[in-house]
Amino acid sequence: CDFRSLQAAFTALQDGDVLVIGSGTYAEAAVLSADAVTILAEPGAHVRDTAIEGKAALVIRGDDTVIEGLECSGISVPDRNGACIRMEGHNLTLRGVYFHDSEEGLLSHKNSGLIIVEDSLFERLGAGGRAHGMYIGPGEDSALILRRSHVLASKGEGHGVKSRAASTVIESCVIASLDGKDSRLIDLPDGGKNVIRGNILENGPNSSNADIIGIGLELRAEPADPAANRSAVTGNIIILDRAQNQILHARYVPPVEFASNAIIGGSRTAVAEGNY
C-alpha cells in the first residue's frame with residue numbers, strides 16, 4: 001500500500017493513473033484534480049460520514065473519471081446537500097457503486113459532460129425537498145445515461161432522479177418509492193431529449209407527490225427548439241401503490257410518446273391508448 005489516506009493518494013494521482021482503494025472503512029473525504037483517472041474499489045471499500053469543502057465525500061474536478069465498486073454513506077453538510085460525489089469536472093462513469101443513507105448520492109454542476117451510471121444502487125437518499133438520489137445539472141453539454149441500476153426509497157421529499165441535462169436516458173432500471181417519503185421518481189424539469197424505457201417504476205404509499213414522471217415543469221414557456229425537447233416513455237412497468245397518481249405530468253414540451261407501458265393499480269380509465 002503506497003498511501004494511508006484518500007487525500008494523499010488523490011493528490012499524488014497523475015493524468016491517466018489507476019487508484020485501487022483497499023477493503024475497509026474510510027471516515028475521510030478527498031478532492032480529485034487529475035484527469036482520466038480510474039478508481040477501483042475493492043469489495044468492502046466504504047467511504048462514510050465525512051465531507052470535504054462542505055460539499056461531498058469525493059469532489060471530482062478532473063475530467064473523464066471512472067469510479068467502480070465504491071460504497072458511500074452518511075454524508076451530510078450544513079446546507080443539507082451533502083453528496084457522495086460532487087462532480088465539478090467533465091465526464092464521469094460510475095459502475096457498481098452503492099450510495100446510501102446520505103443527503104444526496106450524485107450531484108453534478110452545469111455542463112458536466114456525459115455522466116454514465118451503470119449496475120449501481122442508490123438507496124435512502126434525499127433531504128429537505130432539495131437533495132435527491134441523483135441530481136444532474138443543466139447545460140447543452142450535459143447528458144445522463146442511467147442503466148441497469150436501482151434507485152430505491154428516496155426520502156425527505158427528494159426525487160429519485162432529477163436531471164436538467166440536455167439529454168437523459170433511463171433504461172432497464174428499478175426506481176421505486178417502497179416505504180420512502182419521496183417526491184417524483186423521475187423529474188426532468190428543463191425538458192430536453194429524454195428516453196425512459198424498459199424500467200420498473202413504483203410510486204409508493206408514502207410518496208408526497210402524485211406525479212411519477214415530470215417533464216418541463218420548471219419551464220416558463222414553450223422552448224424555442226421543439227426538436228431538442230422530445231421525450232419517449234415506453235415499455236415500462238409502472239406500479240401504483242399510492243391512492244392518487246399522475247403517471248406523466250408534462251408542461252411546455254411537445255407531446256410525449258407514452259406507449260407500451262404496463263400499468264398496475266389505479267384506474268383502468270386513466271390508462272392512455274397504446275398502454276395496458
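**Talking through the predicted model**

Colleague: Let's start with Ser 260: what is its relative accessible area?
Modeller: Keep in mind that this is a predicted model. Buried would need a value under 20% and exposed one over 50%. Ser 260 counts as partly exposed because its relative accessible area is 44%.

Colleague: And what is the phi of Ser 260?
Modeller: Ser 260 lies in the loop between strand 26 and strand 27. Most residues other than glycine have a negative phi. Ser 260 isn't a glycine, yet its phi is positive, near 60°.

Colleague: Which other loop residue, between strand 9 and strand 10, has a positive phi?
Modeller: That loop leads up to strand 10, which covers 92-95. The residue has a phi near 75° and is not a glycine. You'll find it in the structure as Asn 91.

Colleague: On to the cysteines: which two form a disulfide?
Modeller: Searching the whole structure turns up one disulfide. The cut-off for the sulfur atoms is within 2.5 Å, and this pair has them 2.4 Å apart. The partners are Cys 72 and Cys 84.

Colleague: Is the disulfide of Cys 72 and Cys 84 left-handed or right-handed?
Modeller: Both of these cysteines are buried. Look at the torsion about their S-S bond: it is about -95°, so the disulfide is left-handed.

Colleague: How many residues apart in sequence are the parts that Cys 72 and Cys 84 tie together?
Modeller: Cys 72 sits in strand 8 (residues 71-73), whereas Cys 84 belongs to strand 9 (residues 83-87). The disulfide therefore links parts whose separation in sequence is 12 residues.

Colleague: What about Cys 1 and Cys 173: which is buried and which is exposed?
Modeller: Cys 1 is in no disulfide, and the nearest cysteine sulfur, on Cys 72, is 20 Å away. Cys 173 is in no disulfide either; its nearest cysteine sulfur, on Cys 84, is 18 Å off. At 86% relative accessibility Cys 1 is exposed, while a value of 2% makes the buried one Cys 173.

Colleague: In the largest nonpolar core, which residues touch the most other members?
Modeller: That core has 61 residues. Its largest share, four residues, comes from strand 15 (residues 134-147). One of the best-connected members, Leu 94, has contacts beyond its sequence neighbours that include Phe 99, Ile 116 and Val 117. The members touching the most others are Ile 67, Leu 94, Leu 106 and Phe 122.

Colleague: Which side chains of strand 20 point to the buried face?
Modeller: Side chains alternate along strand 20 (residues 193-197). Lys 193, Val 195 and Arg 197 point to one face and are not buried. On the other face, the buried ones are Asn 194 and Ile 196.

Colleague: Which residue of strand 23 stands opposite Ile 196?
Modeller: Strand 20 has strand 17 (residues 161-171) as a parallel partner, through five bridges, with Thr 168 opposite Asn 194. Strand 20 also runs parallel to strand 23 (residues 231-234), over four bridges. There Asn 194 faces Ser 231, and the residue opposite Ile 196 is Val 233.

Colleague: Which strands are at the edges of the open sheet of 10 strands?
Modeller: The order is 2-5-8-11-14-16-18-21-24-27, with parallel pairing. Within it, strand 21 (residues 200-203) and strand 24 (residues 237-240) share four bridges, with Ile 200 opposite Ile 237. Neighbouring strands of the sheet are turned by 10° against each other on average, direction ignored. An edge strand pairs on one side only, which here describes strand 2 (24-26) and strand 27 (262-264).

Colleague: Last one: which residue has its backbone nitrogen 3.1 Å from a polar side-chain atom of Ser 177?
Modeller: Ser 177 lies in the loop between strand 18 (174-176) and strand 19 (186-188). Its relative accessibility is 0%, so Ser 177 counts as buried. Among its contacts more than four places away in sequence are Ala 153, Asp 182 and Ser 207. The backbone nitrogen you're asking about is that of Gly 204.

Key. Residues are numbered from 1 along each chain as its sequence is written. This is a predicted model: local features need pLDDT of at least 70, side-chain atom pairs count only at pLDDT 80 or more; totals for chains, interfaces and linings use all residues. Side-chain values use heavy atoms; hydrogens and water are left out. A nonpolar core is a set of buried Ala, Val, Leu, Ile, Met, Phe, Trp, Tyr and Cys residues joined through side-chain atoms within 4.5 Å. Buried means under 20% relative accessible area, exposed over 50%, partly exposed in between (1.4 Å probe, protein chains only). Helices (H or I, at least four residues) and strands (E, at least two) are DSSP runs, numbered from the N terminus. Contact means heavy atoms within 4.5 Å. Two strands pair if DSSP finds at least two bridges between them. Axes are lines fitted to C-alpha atoms, for helices over the stretch in contact, and angles run from 0 to 180 degrees between N-to-C directions. A polar contact is a pair of N or O atoms within 3.5 Å; within protein, one must be able to donate a hydrogen and the other to accept it, and residues adjacent in sequence count only if both atoms are side-chain atoms.
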